[in-house]
Amino acid sequence: MDYVVDDILTKLSDKVDYSEVYLDTEKVTEISVLNDAINYAKELDVTGIGIRVINNQQQGFSYTTNINRIDEVIEQAIKNSKLNNPDENVAIIEKPKGYKEVSGLYDKRIENVTLQEAIETCNDLIEMVKQKECQPTSAEYEVSVGKTTIANSNGVFASEEQTGSGISVSVNAEDGDGFSSAYAYDLSHGKELEIERIVQESTDLAKDSRNGQPTETRTTNVVLDYFAISSLLSTFLSALSSENIQRGRSYFQDKLNEIVTSETFSLYDDSTIPGARASSKFDDEGTPSQKTELIKYGELKNFIYDTYHANKDERDVETTANATRAGYSSVPSVGFTNINTEFKELTQVSDIMDGITVHSVMGAHTANPITGDFSVEARNAFEIKNGVITNPIKKAMISGNIFEIMKNATAATEEIRQVGSLITPKVFVKNLRVIG
C-alpha cells in the first residue's frame, strides 16, 4: 500500500502547503461469550486512510475505508481546511534522523490463528471457569495483526507492524440469594496469554467476596489493587497533559519543578519499553518514541506534548512523542503511551494493622478533574486486621483527594502489572474515608 501513500502526497503537493497521510491496515479475529455459550465470532479486515492538510495555516482532515475514493477524500480535506480559522500552531513534523526498533511488538504466530482456534480457546475458558464452581457471565477473546504507516510532505515515512491478543472474563459465584462477581483480563503483543491466571484470579475473587459484612465508617489505610489504582490515577494523569495545562484545567498549573507527590515516587511516559502495550517506534505524528520524565522523586519535571501543544506552549518546548489517534478516522491529539510508576518505598499488607483492600472501583469518572476530589464505590473489598486480609466487605464507598493521597503513597507489592496504559504495583495510601 506504500504506492497509495506516495500517490496521495504527490496529488497534494501543488494544492496545499503541507500534507500528511495516516494508513492503517488491520485483520482482527474476535469472539464474544455470553453466559456459557459463544455469542458471536467474526473476522474483520479493515484498511483506513486519513488525510490531513494545512494550507495558509488552516487545517483540514478527511478519511475513508475505500481506496477507490481517494480523490474525493483529498478534495474533502482541502474543502474542510477552508472552513477552519487559521491557527499558527498547526504543523506537521520535520523528517527525523531515524527510528529505533522496539522489540516484542510482533508475534508471527498470531498470523496463523484461525477462527476455529479462537472459538476453541473461548470454549476452554468457559469449561475452566465451570470447573472452579463459578458461572461465566461474559468473556471476550481477540487477536489482531496490523500495520500503521505515517508519511508527510516533509519527507517523513514511518511504518510499523504490530500484533495483539487479549482475553477477558467476568464470573459469578452463588452468594445466598444473589451472586458475587469478579473480572480479570490479560493483554499481550504475543500469542501466549495467561488464561489460567485470569480464571484463577476471577473465580477466587468472586468466591472470596461471598458473605460480605458491613464495614465501619472511618478514615483509614487502603490498599488499591491494580484495577483500583489505575482508575483513580486517571484524574491525576489528566493534570499532566499539556492540553489541560493550557486550558487552565490542571491541578499542576504553575507547579513545575515543585514537589507534588511523595519524594519516593517517580513517573514516566515511555513508549520504548519492549513488549509493553502502548509501545511503538514512533507516535501518531511520526515522531520517534522516547521516555519522558514527568515526576522525579516527587518533583514535577514535565508534561506530555504533541506538536500542536508544544507549539502553543508559553515555554520553549518540543513534542514529547505523545501524539495519539483513535485510528485513521481522527487527527492527532495529545495522549499517554505506557505510564511507568516507580515507588522507592514498600508497605506490605503484613505492615497494616487496620484498613481495607479494594480490587476495583466504580465511579472514578466522576472525580473532579481540577481539585482531585473523588467518591467511588469499592468493589471486591476486604478488611485488613493486624496485617492479615480477613472478611469481605458487603458494601462501601471510599472518598478522598488523589493529589493528596499521592503525597504519601507507597508500593504495596513488589509485583507490577500493566492495566491499560498504567504500569504499577498495588498501591498503599493513607487517610482515605471509608463509608460503610
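This is a short tour of one chain, moving from the whole fold to a pair of strand pairings and then to a cavity.

**The whole chain**

Start with everything displayed, and keep in mind that you are looking at a predicted model. Colour by secondary structure and you will have eight helices and 21 strands to find your way around. The radius of gyration is 24 Å, close to the 22 Å that the globule rule gives for 436 residues, so the chain is as compact as a globular protein of that length. Turn the C-alpha trace onto its principal axes, and the spans are about 75 × 55 × 35 Å.

Next, try colouring by accessibility: 51% of the 436 residues count as buried, that is, under 20% relative accessible area. If you like contact maps, here is a figure to go with one. Among contacts between residues at least 6 apart in sequence, 71% join residues at least 24 apart.

**Strands E1, E4 and E5**

Now select residues 18-34, which form strand E1, together with residues 135-152, which form strand E4. These two strands pair in the antiparallel sense, over 15 bridges. To pick out one rung, show Tyr 22 and look across to Ile 150, its bridge partner in E4.

Keep E4 on screen and add residues 157-175, strand E5. E4 and E5 also run antiparallel, and 16 bridges join them. For a rung here, select Thr 149, whose bridge partner in E5 is Ser 159.

Then follow the backbone from E4 round into E5. Which residue of this hairpin takes a positive phi? Select Gly 155: its phi is near 100°, and the hairpin has four residues between the strands.

**The cavity**

For the last stop, leave those strands and select Ser 231, Leu 232, Thr 235, Ala 364, Ala 367, Phe 374, Val 376 and Ile 402. Together they line the largest cavity, which has a volume of about 30 Å³. With 30 Å³ as the lower limit, the count for this model comes to one cavity.

Where does the lining come from? Show helix H5 (226-238) and strand E15 (373-385) as cartoons, since these are the elements that give two or more residues to the lining. H5 provides the largest share, with three residues.

Finally, colour the lining by residue class. How many of its residues are nonpolar, polar or charged? You will see six nonpolar and two polar residues, and no charged ones.

Terms used. Residues are numbered from 1 along each chain as its sequence is written. This is a predicted model: local features need pLDDT of at least 70, side-chain atom pairs count only at pLDDT 80 or more; totals for chains, interfaces and linings use all residues. Side-chain values use heavy atoms; hydrogens and water are left out. Two strands pair if DSSP finds at least two bridges between them. On a 1 Å grid over the protein atoms alone, a cavity is a set of points where a 1.4 Å probe fits but cannot get out, and a pocket is an open set with protein on both sides within 12 Å along at least five of seven lines; lining residues have an atom within 4 Å of a point. Grid points are joined across faces, edges and corners, and a volume is the space filled by probe spheres set on the points. Ala, Val, Leu, Ile, Met, Phe, Trp, Tyr, Cys and Pro count as nonpolar, Asp, Glu, Lys and Arg as charged, and the others, Gly among them, as polar. The radius of gyration is taken over C-alpha atoms; the globule rule is 2.2 Å times the number of residues to the power 0.38. Buried means under 20% relative accessible area, exposed over 50%, partly exposed in between (1.4 Å probe, protein chains only). Contact means heavy atoms within 4.5 Å.
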